[in-house]
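Colleague: I am looking at this model for the first time, and I would like you to take me slowly through one part of it. Please take the surroundings of the ligand, and then follow outward whatever leads away from there.

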Amino acid sequence: MSRFAPEHLTPEQIEEQSAVYGPFTQAVRDLVDAAIRTELGGDDIRAAQAAVEAVTARLREREIEGALGVTFSEDGVGRPWGNAVIGLRNAVAPPLVVEKAEDGSRVWSQFHLGAAYEGPPGCVHGGVASLVLDQMLGQAAGAGGRPGMTATLQVHYRKPTPLGPLRAEAWIERTEGHKTWARGELTGPEGLCVEAEGLFILPRWAREPADAETRPGFFE
Ligand SMILES: CCCCCCCC(=O)SCCNC(=O)CCNC(=O)[C@H](O)C(C)(C)COP(=O)(O)OP(=O)(O)OC[C@H]1O[C@@H](n2cnc3c(N)ncnc32)[C@H](O)[C@@H]1OP(=O)(O)O
């Protein structure tokens, strides 16, 4: 784990950062969607390219080395803002906002996948469906107090998943020591599209007391 660090920010500072970076990242997602779907060409695209390159150069004037990692505050709440599925600062992430049952028995999310996630024409790429379910199953394990990393993931594609509004849900199936088996499904407006089951294992480094302080943020 290269970046996995405590961060001493107040809730207000976190709120402030989220209010700045959240809308900015959404604007970048819109840019990606527009770049895929625009019918402009020639000089318009060359001008757009120059404008995008100028913004990129400006952002790179001050940047961290490597990826964002997961930071966590003193209460142990993690901020996985770089995460490819739920990251508030990751324009590649749809992003999913994952809700949890109060008793931790399930997690679910309603979200939208547009042109950036296409595989078969008009449908979600199979790898993207798998990505979403990996995250959801992992979060189900975490929500049930059984955090772990994906050791295995089996994905069953029942029917093509249309781009557009979708719902994913996941829950813990059974547990055994540091192993947790979770299941989940991805549904579209016409019903079930993809099912997955996976084994999540709390890694040795997180099971050992010496590393216990790194546990909360990573697995939030
Ligand atoms: C916000 C949170 C949601 C996160 C969701 C996102 C999920 C992810 O993307 S995680 C990233 C993808 N996964 C990975 O990169 C994991 C890479 N693998 C690893 O880190 C390790 O191999 C890991 C964690 C699976 C096991 O590590 P560790 O526990 O240290 O290994 P070890 O102690 O040897 O094995 C523990 C047990 O698991 C078993 N095991 C280990 N790997 C596997 C495997 N791939 N399949 C089946 N069993 C396995 C071992 O046989 C052993 O079993 P037992 O205790 O019964 O003898």
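Modeller: Around the ligand stand 15 residues, and the closest are G138, M149, A151, P203 and R204; a residue is counted as near a molecule when its C-beta atom, placed from the backbone, lies within 6 Å of it. The elements that give two or more residues to this shell are helix 3 (126–143), strand 6 (149–157) and strand 9 (191–201), where helices (H or I, at least four residues) and strands (E, at least two) are DSSP runs numbered from the N terminus. Helix 3 provides the largest share of the shell, five residues. Sorted by class, the shell holds seven nonpolar, six polar and two charged residues; here Ala, Val, Leu, Ile, Met, Phe, Trp, Tyr, Cys and Pro count as nonpolar, Asp, Glu, Lys and Arg as charged, and the others, Gly among them, as polar.

Before going on, please keep in mind that this is a predicted model, in which local features need pLDDT of at least 70, side-chain atom pairs count only at pLDDT 80 or more, and totals for chains, interfaces and linings use all residues. Residues are numbered from 1 along each chain as its sequence is written.

From the shell we can follow helix 3 into the largest nonpolar core, which has 30 residues, and of these V132, L133, L137 and A140 touch the most other members. A nonpolar core is a set of buried Ala, Val, Leu, Ile, Met, Phe, Trp, Tyr and Cys residues joined through C-beta atoms within 7 Å. Strand 5 (106–113), helix 3, strand 7 (164–176), strand 8 (179–188) and strand 9 each supply at least two residues of this core, and helix 3 gives the most, with nine residues. At least three residues of the core come from each of domain 1 (1–95) and domain 2 (96–219). To see one member closely, take L133, which touches V155, A168, G184, L186, V194 and A196, not counting residues up to four places away in sequence; two residues are in contact if their C-beta atoms, placed from the backbone, lie within 7 Å.

Several of these names lead on to the sheet. Six strands form an open sheet in the order 4-5-7-8-9-6, with antiparallel pairing, and two strands are said to pair if DSSP finds at least two bridges between them. The edge strands are strand 4 (99–100) and strand 6, each of which pairs on one side only. Strand 6 is joined to strand 9 by eight bridges and the two run antiparallel, with Y157 standing opposite V194 in strand 9. Strand 9 also pairs in the antiparallel sense with strand 8, over 10 bridges, and there A196 in strand 9 is the bridge partner of G184. At the other edge, strand 4 and strand 5 form an antiparallel pair over two bridges, where K100 stands opposite V107 in strand 5.

A hairpin of two residues joins strand 8 to strand 9, and P189 is found in this loop. P189 is exposed because 9 other C-beta atoms lie within 10 Å; a residue is exposed if 12 or fewer other C-beta atoms lie within 10 Å of its own, buried if 20 or more do, and partly exposed in between, with C-beta atoms placed from the backbone. The loop between helix 3 and strand 6 holds G144, and G144 is buried because 21 other C-beta atoms lie within 10 Å. Leaving out residues up to four places away in sequence, G144 touches G104, S105 and I172.

Finally, we can return to the two domains, whose bounds come from an automatic or database domain assignment. Their centres, taken over C-alpha atoms, are separated by 22 Å, and 15 residues of domain 1 are in contact with 16 residues of domain 2. On the side of domain 1 that touches domain 2, helix 1 (11–37) and strand 2 (70–72) each supply at least two residues, and helix 1 gives the most, with four residues. By class, that side has 10 nonpolar, three polar and two charged residues. One last detail is P95, which is found in the loop between strand 3 (78–79) and strand 4 and is joined to P94 by a cis peptide bond with an omega of about -10°. As a general background to that detail, most peptide bonds are trans.
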